[in-house]
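Reader: I am new to this structure and would like one part of it described closely, together with what surrounds that part. Please explain each term as you come to it.

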Amino acid sequence: MLMSFRWYGANDKVTLEMIRQIPVIKGIVGALYDIPAGEVWPLRSLQDLSGTVKSKGFTLSAIESIPVHDNIKLGSGDFDKLTDNYCQSIRNMAKAGISTLCYNFMPVFDWTRSNLAMNLPDGSNCLSYDDAEVLAMDLSKGTRGLPGWSTEYDASDLKRLMDAYTELGSDGLWTNLERFLKKVVPVAQEVDVKMGIHPDDPPWPIFGLPRIICDEAGIDRFLKIVDVKHHGLSLCTGSFGVSPANDIPKMVRKYSAAGRIHFAHIRNVRINGQHSFNETAHPTECGSLDIAEIVKAYVETGFDGVMRPDHGRMIWGETGRPGYGLYDRALGAMYLAGLWEAFKKGSRHA
Ligand code: DNO
């Protein structure tokens with residue numbers, strides 16, 4: 001297992017020098033942020049990123065994420081060209097020595113929250129989601145200023161995209177995912193890059209748009225599309241975990257034993273009702289997920305992929321990128337590393 005930390009590059013307030021002082025972190029999860037979706041990620045830029053990370057004593061353990069262009073997900077327009085570009089980016093990753101790729105297949109919106117700074121009783125704040133608040137959001141002006149959405153669309157682009165996905169439906173989305181994977185995974189296999197899809201977050205349809213990687217049935221269907229090891233999961237406990245039907249320790253055990261989890265995102269969440277939750281500190285006692293059982297499942301199945309603490313709260317007065325401050329993620333990393341060491345010493349993999 002390679003304990004890693006997400007870093008948003010030279011503009012991140014959380015610097016590599018700071019991350020280096022978290023004793024357990026060996027890997028950096030990074031990305032290029034200046035390449036428009038659909039274009040090839042240049043070898044030179046990937047090598048530079050890797051060199052920067054190495055110069056501070058880390059490995060560039062994963063790319064999170066190379067965005068999948070909407071025309072791929074919609075199966076429209078320049079699908080073939082965009083998919084070829086994606087393949088070339090994977091080849092370039094391999095040449096730059098990067099082994100793991102996270103991506104997602106969520107229509108229009110990536111992860112979605114209704115509040116980026118919900119106040120907690122201890123004075124910290126966290127990300128939260130409530131269906132009623134999300135559905136009340138005004139999309140008539142596009143996504144500008146709405147919480148959590150990484151891509152900004154103006155009103156007419158947003159409407160066009162949302163209509164296209166609504167018409168496509170989940171069957172169409174599955175078909176396009178399959179077309180994409182059948183071209184891309186053989187390349188990933190050839191150059192030895194492990195691909196891990198990130199689940200839909202939250203794992204239910206929002207604004208009537210299809211979402212397909214939400215539960216075990218979805219994962220089983222997904223993994224069978226191309227039944228090879230390089231085609232796997234970025235298993236995010238907090239994304240799947242807000243749905244009480246998802247038994248996360250069981251899912252980790254099943255897919256890790258099968259060698260199909262390449263990237264472990266670990267965070268805790270508190271379920272407050274149907275389609276309503278807030279994020280919490282990592283320890284089991286703080287939320288609805290049994291993080292100890294989850295880490296135990298990883299240890300006992302011999303997980304050897306990349307792991308990172310996921311979203312943290314904002315604590316000790318820190319301000320910055322929601323979910324991605326330094327302090328609470330550092331606490332999370334230490335907690336996860338402590339669990340890992342304890343279970344490892346007690347297990348047959350010791
Ligand atoms: C949010 C992240 C997601 C994730 C992408 C992966 O904090 O977990 O934005 O990076 O969905 O493609």
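Author: What follows begins with the whole chain, turns to the barrel, and then takes up two helices and some unusual places in the backbone.

This is a predicted model, in which local features need pLDDT of at least 70 and side-chain atom pairs count only at pLDDT 80 or more, while totals for chains, interfaces and linings use all residues. Residues are numbered from 1 along each chain as its sequence is written.

The chain holds eleven helices and twelve strands, where helices (H or I, at least four residues) and strands (E, at least two) are DSSP runs numbered from the N terminus. With a radius of gyration of 19 Å, close to the 20 Å that the globule rule gives for 350 residues, the chain is as compact as a globular protein of that length; the radius is taken over C-alpha atoms, and the rule is 2.2 Å times the number of residues to the power 0.38. Along the principal axes, the C-alpha atoms fill a box of roughly 50 × 45 × 40 Å. Of the 350 residues, 43% are buried, a residue being called buried if 20 or more other C-beta atoms lie within 10 Å of its own, exposed if 12 or fewer, and partly exposed in between, with C-beta atoms placed from the backbone. Among the contacts with a separation of 6 or more, 71% join residues 24 or more positions apart, where a contact means that the two C-beta atoms, placed from the backbone, lie within 7 Å.

The part to look at closely is a closed barrel of eight strands, which runs S1-S2-S3-S4-S7-S8-S9-S12 with parallel pairing; two strands pair if DSSP finds at least two bridges between them. Neighbouring strands of this sheet are turned by 30° against each other on average, direction ignored, as judged from axes that are lines fitted to C-alpha atoms, with angles that run from 0 to 180 degrees between N-to-C directions.

One place to follow the pairing is between S2 (residues 27-30) and S3 (residues 59-64), which are parallel and share four bridges, and here Gly-30 has Ile-63 of S3 as its bridge partner. Elsewhere in the barrel, S9 is joined to S8 by four bridges, again in the parallel sense, with Leu-235 opposite Ala-264 of S9. S9 also pairs in parallel with S12 (residues 306-309), over four bridges, and there His-265 stands opposite Arg-308. S9 itself is mostly covered, since six of its six residues are buried.

Two helices show how other elements pack against these strands. Helix H2 (residues 43-55) has 13 residues and reaches 18 Å from its first C-alpha to its last, close to the expected 18 Å, a span reckoned as 1.5 Å times one less than the number of residues. Its buried residues are Leu-46, Leu-49 and Val-53. They lie on the same side of H2, because they cover an arc of only 60° around the axis, the arc being that of the directions from the helix axis to the C-beta atoms. Their cover includes helix H1 (16-20), S2, S3 and helix H4 (79-95), whereas the face turned away from the buried side carries the exposed residues Arg-44, Gly-51 and Ser-55. After H2 comes Gly-57, with a positive phi near 95°.

Helix H9 (residues 248-257) buries Ile-248, Met-251, Val-252, Tyr-255 and Ser-256. An arc of only 110° around the axis holds them, so they are on the same side of H9. They pack against helix H7 (216-225), strand S8 (231-236), helix H8 (237-241), strand S9 (261-266) and helix H10 (291-300). Just after H9, Gly-259 has a positive phi of about 70°.

Finally, some loops next to barrel strands deserve attention, because most residues other than glycine have a negative phi, and most peptide bonds are trans. The bond from Glu-64 to Ser-65 is cis, with omega near 0°, and Ser-65 is in the loop between S3 and helix H3 (70-73). The bond from Asp-201 to Pro-202 is likewise cis, with omega near 0°, and Pro-202 is in the loop between strand S7 (194-198) and H7. Phe-207 also lies in the loop between S7 and H7, and its phi is positive, near 55°. In the loop between helix H6 (155-191) and S7, Asp-192 has a positive phi near 65°.
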